[in-house]
Amino acid sequence: MKKLFALVLTAIMLLSCTALAEFDKTIPEGTSFVFWHSFTGANEETLLKQIAAFEAANPGIDVQEQYIGGYNVIHTELASANTAGVGVPALAVINVPRLTSYAKDGLVEDLTPYIEAFADEINFADFYDGMVDMMNNEGHQTALPFGQSGQIFYYNKTLLQDVGVEFPTKMEDMDAFLEKVYNHTGKTVIDIHGTDNAYFYCLFTNMGCFMIDTETNKTGLENEKALELIKKLREWVDKGYIKWVINDVGNTLMLDFTSGECAACLYTSSTYANYKKKAEAGENGITFEVGIANQPYGDNGTNHQYVAGATMIIPSADCNTQAQKNAAFKLICFLTNPAQQLEWATTSSYYVTRKSASTDPQYAEAYNALLTKLPEMAVLDLNSYVAKTKHELFDRCGDIFENYMSEIMANGMDPEEGWELMVEEINDTLADQ
Amino acid sequence: MFLKKKTRTMVINGREVHLRPEKFYWSDFFMALPAVLILILITYYPVAELIRISFTDWRLTSREYDYVGWKNWIWLFTAKTSLRYLTNSLRVTFIYTIGNILIDLGIGLLLAHLFNHLTKPYSFMRALIFMPRYIAMSSCGIIFLWMLNTDYGVINKMLEWVGVKNHINWLGDDNLALVSILMLTGWHGVGYCMMIYLSALLGISRDYYEASSLDGATGLQQFRYITLPLLSPTTLFLFITTFISSMKVYQSVDVMTGGGPRQKTEVMVYYIYRLAFDDNRLDRASVVALLFFVVLLVITASTLRITNKNVHYEA
């Protein structure tokens, strides 16, 4: 009896494994699915054009694209629809930092079986490692990169040439650079986006100070090196080298930079085309050439660059059929292929997510077109981009980090006092889970 | 008790009018039923759900949850983070509420008093003051955001013309951020209070003022001893409505400061929103929302009880 039971159990297990292995990738004629995105203006136009091309190539699939709003609106709408179990799109664009909690709560499909089933349509190994790593949660590929951006420095190339300096690639050279440019212009050298830690966090991690130490469940910012960096940044603020911008940040950075009120600024790479256009046209009084640079290396040559921006997910909700999810994945394959990515990057300044876009001769023409329009894109080494710590409280801790940094840099709080309070509050937050 | 039959009469303008006997009419019940059902559905059912969710571990992004007993309530009153943010939010909310009541009711009353004495052509100015009420708060917030920009805002430019050289960091300064929000909401709401006060002022009989003038009362004495007491029902109404709406402020904070700098403008509703939609903790947001509901209820009921004794309804 026991043997019979064991045999039956083994048979059931084998059948289950077979069923798991066989991923049903069929997409019947007339499959229609909803796609939520957050793009507007020229980006939306390019996206719609690419979707139309996809539908022309796949006449059996109908994509119902819908602009929902910014990332926060998509988050609340998606979470609400998921809770209700109705109206969940088969494909959505979300902000990268949300992904960890989505993956933890099972809101998103694991795309690994899709990647295997549609291997002839998507070359997964061709994506930049740092980008796909950021979207891998506990071994599951929960999203694929699309609309990726980084936190980069924009600088006035014309001015720096006049001064006879280059934008520093190492933190240790920053002091001399700031002093030299400031003495030449008498104005702020760098405007820093002060209300989103994503922009200045990299400076800390390149010094070995991380927001969350997952082993101790405490913040790595309690490292003395973090305090030293905070004090150094404050010193630069006090000397007038750096301006910590904390309100109406997007407008202030753009106006300061394009009007020559500062020589450089730290902001998202996705505004490169816009800044370049304004600076070259002299829209705000001066004409100059725009240069871009990655974040500077740390003490021991650490070079972490982080991706941010958007990512594409397939929600796991049952209200969409497997065929709809398959069709959605087919669209992901299409939109993330190197040819579409190059077109997308040329319009939007978002990063190209595929390595072959710059190396494969078949894309040479499109790649050259990108570099003709946005020449500095070649400066960025996308291979140096890595994944941030994936922790569901990362954003909450990041809020605390940026709040105290604003207090110290813009409101005169004592750096040591602010650092101590910040560390305490982040540790309390991590403990309170 | 409902079925008690009793014929009632009332004297109106010297005539005796017979009222319907006090008894239970099924027709009345059925006519009220749709409204009652809608009220239950959109008001009482969500409150009941909120209480239920407060005993779960429900995250916004998850469809599954377990019942966890009093865990969230214990978190609310014992965790370092909840105590830190809760006390801060309550403090900010009360400061904002007091400021907003003072601005809306104080300036509203002064403007109403002024317009009550001005001639008709000034009605255009009255309309101008009331007009912001028609504009969506989110639009007003964005306009103020530009106006209060430290480097390029028109307010700092104007201050520069009068000699204030250092640009004021309106929205980034710990002490000024809430003031900036009060400037916006005050500008938006003062016209409404002015109009309500103005209609109440027009309802006060001139006889009181004529009689007091004959007795030698000054304008200030008339305002203190006639106008203010006779406006007390209006003041109570405006106080309660402004108090409740101020305690529930959200949109202006969201647009202008996002709760910052360092939670200095994080009012209660914004804190609840942050817990629910940023941290995805619907369970914790529910307990904070329930606590806030109780606080509002207790304060409103106490205010009504205390102030009703000092309100004069005969104008």
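**Figure 1. Chain B as a whole, with its 13 helices and 2 strands.** This is a predicted model. Why does chain B count as more spread out than a compact globule? Its radius of gyration is 25 Å, and the globule rule gives 20 Å for 315 residues, so chain B sits well over that value. The C-alpha trace of chain B spans about 70 × 65 × 30 Å along the principal axes. As for burial, 30% of the 315 residues in chain B count as buried. Take the contacts in chain B between residues at least 6 apart in sequence: 65% of them join residues at least 24 apart.

**Figure 2. The two domains of chain B, 8-53 and 71-308.** Domain 1 of chain B covers 8-53, and domain 2 of chain B covers 71-308. Go from one centre to the other, using C-alpha atoms, and you cover 33 Å.

**Figure 3. The hairpin-style view of β1(B) and β2(B), two strands that run antiparallel.** Strand β1 spans residues 8-12 of chain B, and 5 bridges join it to β2(B). One pair to pick out here is B:Ile12 with its bridge partner in β2(B), B:Arg15. Is β2(B) mostly covered or hardly covered? Hardly: β2(B) runs over residues 15-19, and the count of buried residues among those 5 is 0.

**Figure 4. Where chain A meets chain B.** The contact draws 25 residues from chain A and 24 residues from chain B. On the chain A side, at least two residues each come from α3 (71-84), α4 (99-104), α11 (249-258), α17 (394-410) and α18 (415-431). Which helix gives the largest share of that side? That would be α17(A), with 6 residues. Sorted by class, the side of chain A that touches chain B has 7 nonpolar, 12 polar and 6 charged residues.

**Figure 5. The two domains of chain A and the contact between them.** Both domains of chain A are assigned in two segments: domain 1 is 32-148 + 308-385, and domain 2 is 150-306 + 389-431. Their centres, taken over C-alpha atoms, are 28 Å apart. The contact takes 18 residues from domain 1 of chain A and 22 residues from domain 2 of chain A. On the domain 1 side, the elements giving two or more residues are α4 and β11 of chain A. The largest share of that side comes from α4(A), with 3 residues. Split by class, the domain 1 side has 8 nonpolar, 7 polar and 3 charged residues.

**Figure 6. Helix α9(A), a mostly covered helix.** How many of the residues of α9(A) are buried? The helix runs over residues 197-205 of chain A, and 9 of its 9 residues are buried. Among them are A:Tyr199, A:Phe200, A:Tyr201 and A:Phe204, along with A:Asn197 and A:Thr205. The buried residues of α9(A) pack against β6 (144-156), β7 (188-193), α10 (224-239), β9 (262-268), β11 (305-313) and α17 of chain A.

**Figure 7. The largest nonpolar core, with 173 residues.** The residues with the most contacts inside this core are A:Leu91, A:Tyr154, A:Val189, A:Ala264 and B:Ile272. Helix α7 of chain B, residues 177-202, gives the most to the core, with 13 residues. In soluble globular proteins, nonpolar side chains tend to be buried together. Zoom in on A:Tyr154 and, leaving out residues up to four places away in sequence, you find that this residue touches A:Phe257, A:Ala264, A:Cys265, A:Tyr267, A:Tyr275, A:Val290 and A:Ile292.

How values were computed. Residues numbered from 1 in each chain as written. Chains lettered and ligands numbered in written order. Predicted model: local features only at pLDDT ≥ 70, side-chain atom pairs only at ≥ 80, totals over all residues. Helix = DSSP H or I, 4+ residues; strand = E, 2+ residues; numbered from the N terminus. Rg over C-alpha atoms; globule rule 2.2 N^0.38 Å. Buried ≥ 20, exposed ≤ 12 C-beta atoms within 10 Å, placed from the backbone. Contact = placed C-beta atoms within 7 Å. Domains from an automatic or database assignment. Nonpolar A, V, L, I, M, F, W, Y, C, P; charged D, E, K, R; others polar. Core = buried A, V, L, I, M, F, W, Y, C linked by C-beta atoms within 7 Å. Pairing = 2+ DSSP bridges.
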